[in-house]
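Trainee: Could you pick one part of this structure and take me through it slowly? I would like to see how it fits with everything around it.

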Amino acid sequence: MQTYLVVRRSAWGSPEEQRDADARSALEAARMADEIASLRSYSLKERDQTIGAVCIYKASSPEAVRRHAAAAGLPVDEIVKVADTVVGQADPGLDGDRGVLGREKQT
């Protein structure tokens with residue numbers, strides 16, 4: 001499985017619409033558990049006051065991500081394969097705004 005970022009721009013008009021979409025996404029991810037797993041999502045406050053998202057998945061392929069989105073009725077503006085992960089660890093001796101970076105190589 002590979003890590004993918006999925007960008008959904010201006011996808012919802014309200015938090016309620018996004019919650020409904022999240023529930024559909026979770027149901028479809030459970031149904032497709034051998035192909036996709038949701039890791040994390042970030043809600044975006046768009047300039048037009050709608051809600052977008054960046055969602056992080058482990059998936060067998062970009063096509064699996066698209067199938068999941070279609071089955072859950074979710075928009076997909078972009079799918080990006082993650083090449084590397086940089087993990088920051090806050091260093092309390094540096095006022096919390098700087099830290100040590102580490103890398104997690106993607107397979």
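Mentor: Happy to! Let's begin with a word we will need: two strands pair if DSSP finds at least two bridges between them. Please keep in mind that this is a predicted model. The part I would choose is strand E1, which covers residues 2-12.

Let's look at the neighbours of E1. With strand E3 (residues 51-59), E1 pairs in the antiparallel sense, and eight bridges join the two. You can find one of these bridges yourself: Gln2 has Ala59 of E3 as its bridge partner. E1 also pairs with strand E4 (residues 78-81), again in the antiparallel sense, over four bridges. Here, try Val6, whose bridge partner in E4 is Ile79. Right beside it in the chain, Val7 stands opposite Glu78 of E4. As general background, strands of a sheet pair through backbone hydrogen bonds, and the pairing can be parallel or antiparallel.

Now zoom out to the whole sheet. It is an open sheet of four strands with antiparallel pairing, and the order across it is E2-E3-E1-E4. E2 and E4 are the edge strands, each with a single partner, so one side of each has no neighbour in the sheet. From one strand to the next, the twist averages 20 degrees.

What lies against this sheet? Helix H1 (15-31) is in contact with E1, E2 and E3. H1 lies across these three strands and runs at about 10 degrees to E3. Helix H2 packs on the sheet as well, touching E1, E2, E3 and E4, and its direction makes about 35 degrees with that of E1.

H2 spans residues 62-72, and its buried residues are Ala64, Val65, His68, Ala69 and Ala72. Looking down the axis of H2, you would see these buried residues within an arc of 135 degrees, so they line one face of the helix. A general rule helps here: an α-helix has 3.6 residues a turn, so residues three or four places apart point the same way. The buried residues of H2 pack against E1, and also against H1, E2, E3 and E4. Just after H2 comes Gly73, with a positive phi of about 70 degrees.

Let's return to E1 and look at two of its residues. Gln2 is in E1, and is Gln2 buried or exposed? Its relative accessibility is 7%, and buried means under 20%, so Gln2 counts as buried. A polar atom of the Gln2 side chain lies 2.6 Å from the backbone oxygen of Val82.

Ser10 is also placed in E1. At 35% relative accessibility, Ser10 counts as partly exposed. Ser10 has a positive phi of about 45 degrees, although it is not a glycine. Another residue other than glycine with a positive phi is Gln49, where the value is near 75 degrees. Gln49 is in the loop between E2 and E3, and with 53% relative accessibility it counts as exposed.

To gather it up: E1 pairs with E3, E1 pairs with E4, and the buried residues of H2 pack against E1 among other elements.

Methods: Residues numbered from 1 in each chain as written. Predicted model: local features only at pLDDT ≥ 70, side-chain atom pairs only at ≥ 80, totals over all residues. Heavy atoms only, no water. Buried < 20%, exposed > 50% of the residue type's maximum accessible area, 1.4 Å probe, protein only. Polar contact = N/O pair within 3.5 Å; in protein donor to acceptor, adjacent residues only side chain to side chain. Arc of directions from axis to C-beta. Contact = heavy atoms within 4.5 Å. Axes fitted to C-alpha atoms, helices over the stretch in contact; angles between N-to-C directions.
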